[in-house]
Amino acid sequence: MTDIRKMDSFRLGDRNVRRMGYGAMQLAGPGVFGPPRDRDAALRVLRDAVAAGVNHIDTSDFYGPHVTNRIIRAALHPYADDLVIVTKVGAARGDDASWLPAQSPAELIQAVHDNLRNLGLDMLEVVNLRVMGNVHAPTEGSIEAQFTTLTKLREQGLIRHLGLSNATAAQVAEAQAIAPVVCVQNHYNLVHRDDDALIDSLAAQGIAYVPFFPLGGFSPIQSEGLSALAARLDATPMQVALSWLLARSQNLLLIPGTSSPAHLAENLAAAELELSDAEKEELHALATAG
């Protein structure tokens with residue numbers, strides 16, 4: 001297992017975290033619903049990640065629901081002093097595993113308390129508001145009421161820092177007028193580049209950007225090109241995609257997720273993969289080939 005303790009870090013709120021983190025979504029059952037197929041493997045993945053130097057874990061109590069946070073608590077509580085757990089609120093799961101908005105003040109307050117209880121914490125380090133105008137992509141619309149509700153919980157001492165997920169640049173600005181925003185978590189990767197300007201703007205402000213779906217949205221041609229380059233580098237496509245993200249900007253914090261200890265080791269090894277300028281150019285060309 002790659003030890004990432006010497007890799008570079010970036011500020012997340014008032015803590016420095018290593019830029020290779022871990023996303024807990026896949027610890028739940030199929031479709032991020034219900035219990036995991038192998039709970040022992042889920043516990044091991046979390047313990048292996050922290051042992052390898054991961055000190056940034058992304059989760060939510062609507063994963064499962066109420067599954068991943070309880071696994072995190074079982075595996076890691078009491079938590080290491082340097083471990084930053086980031087969670088999300090703003091969604092709920094239907095009985096049919098559907099993703100539903102849960103954005104009213106009462107729902108947001110309940111979600112914060114659910115996260116506190118299931119993680120075994122008195123204060124949540126970072127809470128992201130998951131904007132749900134469109135479940136799968138950022139959509140314009142005011143988030144003032146929702147972010148104000150979370151700001152009040154922050155003032156009560158239940159949350160230390162606030163962030164956004166699935167948000168537009170305008171929503172980030174709207175939230176910043178209410179309270180500090182320490183991170184933005186959106187879909188971004190080599191071929192899904194809608195947030196290029198937002199990433200650069202946040203970097204200039206010292207704010208973290210957390211991309212998810214590192215291989216999401218690739219066309220067959222792009223996937224073939226990525227696989228071919230990965231084979232030449234004796235790496236996996238995921239490792240190349242993660243390495244590209246690490247090189248994209250210092251404010252990117254990665255949260256690749258897996259329920260497999262073997263895949264965790266592969267993902268963490270991406271921290272040691274360095275792309276040449278020529279390889280970066282090849283990937284850039286690949287991004288426009290789809």
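A residue counts as buried when its relative accessible area is under 20%, as exposed when over 50%, and as partly exposed in between. Keep that in mind as you click around this predicted model.

**Stop one: Trp-99.** Select Trp-99 in strand β7 (residues 99-101). Is Trp-99 buried, exposed or partly exposed? Its relative accessible area is 29%, so Trp-99 is partly exposed. Now add Arg-93: its charged end sits over the ring of Trp-99, 3.6 Å from the ring's centre.

**Stop two: Phe-62.** Next, bring up Phe-62, in the loop between β4 (56-58) and α2 (68-76). Phe-62 has a relative accessible area of 9%, so this one is buried. The model has five aromatic pairs, and Phe-62 with Trp-99 is an edge-to-face one, because the ring planes stand at 90 degrees, with the centres 6.0 Å apart. The two residues are 37 apart in sequence, so their pairing ties those parts of the chain together. Show Tyr-63 as well, and you have one aromatic cluster made of Phe-62, Tyr-63 and Trp-99.

**Stop three: two tyrosines.** Jump to Tyr-188 and Tyr-209, another edge-to-face pair, at 5.8 Å centre to centre and 80 degrees between the planes. Tyr-188 is in the loop between β10 (181-187) and α6 (196-204), while Tyr-209 is in strand β11, 21 residues away. Relative accessibility is 0% for Tyr-188, so it counts as buried; Tyr-209 is buried too, at 0%.

**Stop four: the largest pocket.** Which residues lie nearest the centre of the largest pocket? Select Met-25, Tyr-63, Gln-185, Phe-212 and Phe-213, from a lining of 29 residues. You met Tyr-63 earlier, in the cluster with Phe-62 and Trp-99. The volume here is about 590 Å³. Colour the lining by class and you'll get 19 nonpolar, seven polar and three charged residues. Helix α8 (237-248) and strand β11 (208-212) each supply at least two of them, with α8 giving the most, three.

**Stop five: the second largest pocket.** This one holds about 270 Å³ of space. Its lining has 16 residues, and Tyr-79, Leu-83, Leu-121, Met-123 and Glu-125 lie nearest the centre. Strands β5 (84-89) and β8 (124-130) each give two or more residues. By class, the lining splits into nine nonpolar, two polar and five charged.

**Last stop: Pro-36.** Finish in the loop between β3 (22-23) and α1 (39-51), where you'll find Pro-36. It has a relative accessible area of 17%, so it is buried. Beyond its sequence neighbours within four places, Pro-36 is in contact with Leu-27, Ala-28, Gly-29, Val-67 and Ile-71. Finally, draw a distance to Ser-259: the C-alpha atoms are 8.5 Å apart, with the two positions 223 residues apart along the chain.

Technical notes: Residues are numbered from 1 along each chain as its sequence is written. This is a predicted model: local features need pLDDT of at least 70, side-chain atom pairs count only at pLDDT 80 or more; totals for chains, interfaces and linings use all residues. Side-chain values use heavy atoms; hydrogens and water are left out. Helices (H or I, at least four residues) and strands (E, at least two) are DSSP runs, numbered from the N terminus. Buried means under 20% relative accessible area, exposed over 50%, partly exposed in between (1.4 Å probe, protein chains only). Contact means heavy atoms within 4.5 Å. On a 1 Å grid over the protein atoms alone, a cavity is a set of points where a 1.4 Å probe fits but cannot get out, and a pocket is an open set with protein on both sides within 12 Å along at least five of seven lines; lining residues have an atom within 4 Å of a point. Grid points are joined across faces, edges and corners, and a volume is the space filled by probe spheres set on the points. Ala, Val, Leu, Ile, Met, Phe, Trp, Tyr, Cys and Pro count as nonpolar, Asp, Glu, Lys and Arg as charged, and the others, Gly among them, as polar. Rings of Phe, Tyr and Trp (its six-membered ring) pair if their centres lie within 6.5 Å; planes under 30 degrees apart count as stacked, over 60 as edge-to-face and the rest as tilted. A charge sits over a ring if NZ of Lys or CZ of Arg is within 6 Å of the ring centre and within 35 degrees of the ring normal.
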